[in-house]
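This report describes how the parts of a protein–DNA model meet. The sequence and structure are shown first.

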There are 2 protein chains.
Amino acid sequence: MIDDISRFRRLARAVTTQTGALDTSFLGLGRPLGSARVLNAIGHGKEDVGELRVYLGLDSGLMSRLLRGLEAEGMVETAPAPKDARRRIAKLTEAGQAAFAQYEALSDQSAEAVLGRYKQSEALLAAADLIATVLGRDRIEIIEADPEDPRVEHCVQAYYDEISEIFGVFFDPQVSGDPEAGSLRAPNGTFLLALSDGLPIGCVAVKRQAEGLGEVKRMWVAPAARGLGLAKQLMNAIETHAQRLGLTTLQLDTNGKLTAALHLYRTDGWVEIERYNDNPYAEHFFEKQLG
Amino acid sequence: MIDDISRFRRLARAVTTQTGALDTSFLGLGRPLGSARVLNAIGHGKEDVGELRVYLGLDSGLMSRLLRGLEAEGMVETAPAPKDARRRIAKLTEAGQAAFAQYEALSDQSAEAVLGRYKQSEALLAAADLIATVLGRDRIEIIEADPEDPRVEHCVQAYYDEISEIFGVFFDPQVSGDPEAGSLRAPNGTFLLALSDGLPIGCVAVKRQAEGLGEVKRMWVAPAARGLGLAKQLMNAIETHAQRLGLTTLQLDTNGKLTAALHLYRTDGWVEIERYNDNPYAEHFFEKQLG
DNA sequence: TAAGATGTCTGACTTAAGTCAGCTATATGA
DNA sequence: TCATATAGCTGACTTAAGTCAGACATCTTA
């Protein structure tokens, strides 16, 4: 009755009821659900026909017909892909974008209706982030991003907020942007961002300090994504990128209060070394040889 | 990009992807989704054909045909309702129950797969409860239940755990059951239980103290259901039931630490009165005239 | 008890969704 | 450059899903 699995299945029912209602309302716009799904997927940036097919799980014949229908309606235009003329790229026309905007507005309304009627919506959103991230853990992507990308800035801001909180000191997030931004992009470094269905949930950066020597910085995982092994994934990814930048040794500093981080470094091939900088908040220093 | 509505919509996508996968796996059992839905709804206790139709949102013709199909398969038997021979009641046969059990096993497996791969599953479950309850707020039902119903006991246990926590004292939940159980059922009182899609999320009881005088007890709302106005709904419901029991005045005691409760009573027609018992944890005493 | 309402069923549809074999154009690699 | 693989398209299907009008039995109420 009140066992864990029932509790969790209840979530699926609740969301499905809600989303089912949305699907039905999608029909109100007069287009069958199949075409509506295709139109929305294109609107969300899935433009390659093959990718669309996989994403929507459709047969190639059906896909083709649905696209043909949307073309006849004037919602979509397709053209061969420049690099491979067998593949086709679908794009929304202006009318298509307008239709897509209508669907988006419907979805937003339904989300807003729930959020607006609940007072502690930050708690609700945190719960939503957690569940969406756990469910989507197999679809987390780690991408290279510019330090001035707003999604990176969101993570860096959260990172500074958090260490300010932990150390009871105010770390200036340099509202004008990360002062080290320049050294955190190629060829002197790189910034990696973890995305779960578009939401930034973690980051890590590396910065070249000397010939062959790099320092790992800005390691952060969103609260909703902790416990999924994302930190380890990020570290693996940054090591790979560091090697590509020609780095052979990595260093990093951290603080004893960050126990999860300490544990990760100690079990992931890092060796504790002597203090190598004068960062007053750093207590532990690590090094790892790559390759 | 990271606005509240996108964050919330992301949840719907994540759960739909997950549940969509389940729907597809339902097809693996060789029955079209429509019949599978009907079979599952019957298995979950929706036996009245009319209720089934509303619940699944189907046309009466389609409903009838799907039932006929399941009957032909030997999964379902229908019979006229005893009280109204126009209505029909559908029941699973033994074969039907076996098929239903297969679907349940599939659903459990998929929930278990997610839960099992996440360490802090209590956090995940709490988040799931919160979201499911908020989404299902319009479908919360308040029912009369026996004080020894396991769902009531679950709430009472949680109630005692919580006040033990708040007052730093151990309140004995009387493992053998609520000692006042007898006085919390008709004709001397009643116990109300709030259910959200089957999950108990709150309770309240009333107990006759004298001719026309009742006392409200065991008022509790689950953490996941706070902020939805459920306490007020429960109070309204218990007042109605108290009137039916012939009570004209209600009393209750509470503690200053329970600020939300205090605020509710003060704004819901209750008048603060003198201490009327020797409960050492009670600091405030209220009374309300009914009718 | 007759008139109207209700709940379900059936037949005759329409539409959407999905499948499959075979076609064409393009790319790839020995 | 020729065989083979790949991506998408088309025609000819099947199946599922949904709609609608009317039939019938049963209940309700004036």
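## Surface near DNA strand D

In this predicted model, α4(A) makes the greatest contribution to the surface near DNA strand D, giving 5 residues. At least two residues of that surface come from each of α3 (49-56) and α4 (60-72) of chain A and α2 (33-43) and α4 (60-73) of chain B. By class, the surface comprises 10 charged, 6 nonpolar and 5 polar residues.

## Approach to the strand

A total of 21 residues lie around DNA strand D, and those that come nearest are A:Arg53, A:Arg65, B:Asp84, B:Ala85 and B:Arg86. Of the strand's atoms within 4 Å of the protein, 67% belong to sugar and phosphate.

Side-chain N or O atoms approach both phosphate and base. For A:Ser64, such an atom is 3.2 Å from a phosphate oxygen of DNA strand D. A base oxygen of the strand is 2.7 Å from a side-chain N or O atom of A:Arg65, and for B:Arg65 the corresponding distance to a base oxygen is 3.4 Å.

## Interface between chains A and B

The contact involves 57 residues of chain A and 56 residues of chain B. About 5400 Å² is buried between the two chains, with carbon and sulfur atoms giving 63% of this area. On the chain A side, A:Arg7, A:Arg9 and A:Arg10 lose the most area to chain B, together 14% of what that side buries.

Between the chains there are 14 salt bridges. One of them joins A:Asp138 to B:Arg117, with the closest N and O atoms 2.9 Å apart. From chain A, α1(A) provides the largest share of the side touching chain B, 15 residues.

Conventions. Residues numbered from 1 in each chain as written. Chains lettered and ligands numbered in written order. Predicted model: local features only at pLDDT ≥ 70, side-chain atom pairs only at ≥ 80, totals over all residues. Heavy atoms only, no water. Near = heavy atom within 4 Å. Polar contact = N/O pair within 3.5 Å; in protein donor to acceptor, adjacent residues only side chain to side chain. Helix = DSSP H or I, 4+ residues; strand = E, 2+ residues; numbered from the N terminus. Nonpolar A, V, L, I, M, F, W, Y, C, P; charged D, E, K, R; others polar. Contact = heavy atoms within 4.5 Å. Buried area = accessible area lost by both parts, 1.4 Å probe. Salt bridge = Lys/Arg side-chain N within 4 Å of Asp/Glu carboxyl O.
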